[in-house]
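This report concerns one protein model and is written for a reader who has the sequence and coordinates at hand.

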Amino acid sequence: MTPRNIKRRAVSSIKTNWVALASSSELLGKLHYFFLSSAFDREVRSVLAGHQLHQINRNNFEKSNYALRRNIHRLEKGLIMRPRRAVFASDYIQETVNVFVDALGHTNEEESSWAESVLTEYFDVLEQDADDRVESARKTFHENQDRRATHAEYIRTRKPYQYRSHEESWLISSHEFFFDLATQRRSVRWFEDQPVPRSTIDKAIEIAASAPSACNRQPYKYLVFDDPSLVGEIASLPMGVKGYEHNIPALAVLIGKLRAYPFPRDRHVIYIDASLSAMTFVYSLESLGLGTCIINWPDIPELESKMESKLSLGPDERVVMLIAFGFPDKSAYVPSSVKQPLEVLRSYNPGARI
Ligand SMILES: Cc1cc2nc3c(=O)[nH]c(=O)nc-3n(C[C@H](O)[C@H](O)[C@H](O)COP(=O)(O)O)c2cc1C
């Protein structure tokens with residue numbers, strides 16, 4: 001063995017042993033990331049920037065108000081509770097009405113009409129004079145009646161409703177359609193040299209917006225590129241497209257917004273919510289005749305900086321993934337990508353005593 005190899009082995013062995021030691025102790029783990037690794041630095045800064053922007057967003061001036069969305073969601077959950085409590089949300093109803101009133105004229109109409117409809121329902125069903133805090137909030141809500149401009153139809157419809165069960169809809173007979181959609185979809189990496197109509201992209205994003213998200217916040221946005229030179233610039237950044245980046249007609253960069261949360265405990269939710277939406281986007285495009293390939297965005301500081309400045313991202317905005325899409329080149333191949341079998345993927349009641 002050459003001296004160089006001996007040295008390399010020794011260094012590798014020290015690293016492995018140190019990592020084993022650091023992973024066994026909270027203090028050593030902290031020291032490791034404080035002195036020896038900057039891997040989480042950007043994430044920490046983004047989470048902190050997210051807290052600060054959450055406070056600013058709370059007092060609105062953006063098209064969407066995450067504190068309002070969360071509280072309206074909580075009210076809806078209270079309204080559908082069985083049995084429904086005579087008084088609920090008294091600890092946050094004033095705050096919710098204040099945020100709603102402040103956001104009028106700033107937040108998008110869908111959001112404010114949803115909020116207004118749910119608040120109207122809330123004050124309608126809650127007993128009068130049962131709780132001082134509710135009455136104070138009710139007063140603020142009614143005082144601002146004139147400033148609200150929501151269409152009566154929205155007020156009637158944007159509140160909890162009886163779920164339209166499967167049996168009554170055509171979906172019950174369409175399981176095979178979904179099976180075909182899911183099994184036909186493969187990651188497509190070769191596309192026809194043909195632009196994707198924006199109406200098709202918009203339709204897919206509207207459908208993707210129907211995905212579930214924590215407290216219905218939807219803390220993400222789609223940055224779509226269909227200009228060939230911009231697509232080329234953005235596609236040159238991630239590592240996973242080497243060899244086919246020149247061939248991508250359109251690209252969506254999915255961005256998570258940490259300003260949606262006041263607490264670091266929720267920092268992972270941007271990735272979960274954005275991914276649920278991304279999968280819906282991918283299926284929508286597939287059903288519209290388009291192929292897709294999700295592209296990994298690793299947390300590499302130099303790449304992050306480049307992407308941040310190219311896309312003018314805010315300090316709390318994180319790239320979750322990229323999605324390449326276009327009309328599939330029918331002469332090209334896709335990997336078979338065999339999936340794991342059921343017995344590997346699932347277990348029922350693990351750990352239960354039988
Ligand atoms: C989070 C994620 C990151 C991915 N990154 C890449 C990538 O960088 N480059 C690529 O060509 N494919 C990428 N893919 C596609 C996967 O390779 C592909 O989904 C997987 O091999 C299964 O194949 P299928 O999508 O055809 O079922 C990624 C997929 C996911 C979900």
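The sections below treat the sheet, the salt bridges, a surface patch and the backbone geometry of this predicted model.

**Sheet and packing**

Four strands form an open sheet in the order β1-β2-β4-β3, and their pairing is antiparallel. The edges are occupied by β1 and β3 (291–295); each has a single partner strand, so one side of each is left without a neighbour in the sheet. From one strand to the next, the twist averages 25°. Within this sheet, strand β2 (residues 250–257) runs antiparallel to β4 and is joined to β4 by eight bridges. In that pairing, L251 of the sequence stands opposite A324 in β4. Helix α10 lies across β1 and β4, and its direction makes an angle of about 165° with β1.

**Salt bridges**

The structure holds 19 salt bridges. Three of these pairs are set out in the table, with the N to O distance for each.

| Acidic residue | Basic residue | N to O distance |
|---|---|---|
| D131 | R133 | 3.6 Å |
| E135 | R138 | 2.9 Å |
| D226 | R198 | 2.8 Å |

In the first pair, D131 is buried, because its relative accessible area of 15% falls under the 20% limit for that class. Its partner R133 has a relative accessible area of 45% and is partly exposed.

The second pair lies within a single helix. Both E135 and R138 belong to α7 (residues 132–143), where they are three residues apart, about one turn of the helix. Both E135 and R138 are buried.

The third pair links separate elements. D226 is placed in the loop between β1 (220–225) and α11 (228–235), whereas R198 belongs to helix α10 (residues 198–208), so the salt bridge ties together parts that are 28 residues apart in sequence. D226 is partly exposed, with 27% relative accessible area, while R198 is exposed at 56%. Helix α10, which holds R198, is also the helix that lies across β1 and β4.

Elsewhere, R42, D299, E304, E308 and R318 are joined into one network by salt bridges that share partners.

**Nonpolar surface patch**

L27, L31, F34, F35 and L36 make a nonpolar surface patch of about 590 Å². One of these residues, L36, lies in helix α2 (residues 26–36). L36 counts as exposed, because its relative accessibility of 56% is over the 50% limit.

**Backbone geometry**

Most residues other than glycine have a negative phi, and most peptide bonds are trans. Against that background, three sites deserve attention when the backbone is inspected.

The peptide bond between R82 and P83 is cis, with an omega of about -5°. P83 is found in the loop between α4 (66–80) and α5 (93–103).

Which phi value does D129 have, although it is not a glycine? The phi of D129 is positive, at about 60°. D129 is located in the loop between α6 (109–125) and α7, and it counts as exposed at 63% relative accessibility.

S337 is likewise not a glycine, and its phi is positive at about 45°. The loop between β4 (317–326) and α14 (342–345) contains S337. With 36% relative accessibility, S337 counts as partly exposed.

Conventions: Residues numbered from 1 in each chain as written. Predicted model: local features only at pLDDT ≥ 70, side-chain atom pairs only at ≥ 80, totals over all residues. Heavy atoms only, no water. Salt bridge = Lys/Arg side-chain N within 4 Å of Asp/Glu carboxyl O. Buried < 20%, exposed > 50% of the residue type's maximum accessible area, 1.4 Å probe, protein only. Helix = DSSP H or I, 4+ residues; strand = E, 2+ residues; numbered from the N terminus. Patch = residues over 30% accessible without salt bridge, like charges linked within 9 Å, V, L, I, M, F, W, Y side chains within 5 Å. Areas by Shrake-Rupley, 256 points an atom, 1.4 Å probe, with all protein chains shown as cover. Pairing = 2+ DSSP bridges. Axes fitted to C-alpha atoms, helices over the stretch in contact; angles between N-to-C directions. Contact = heavy atoms within 4.5 Å.
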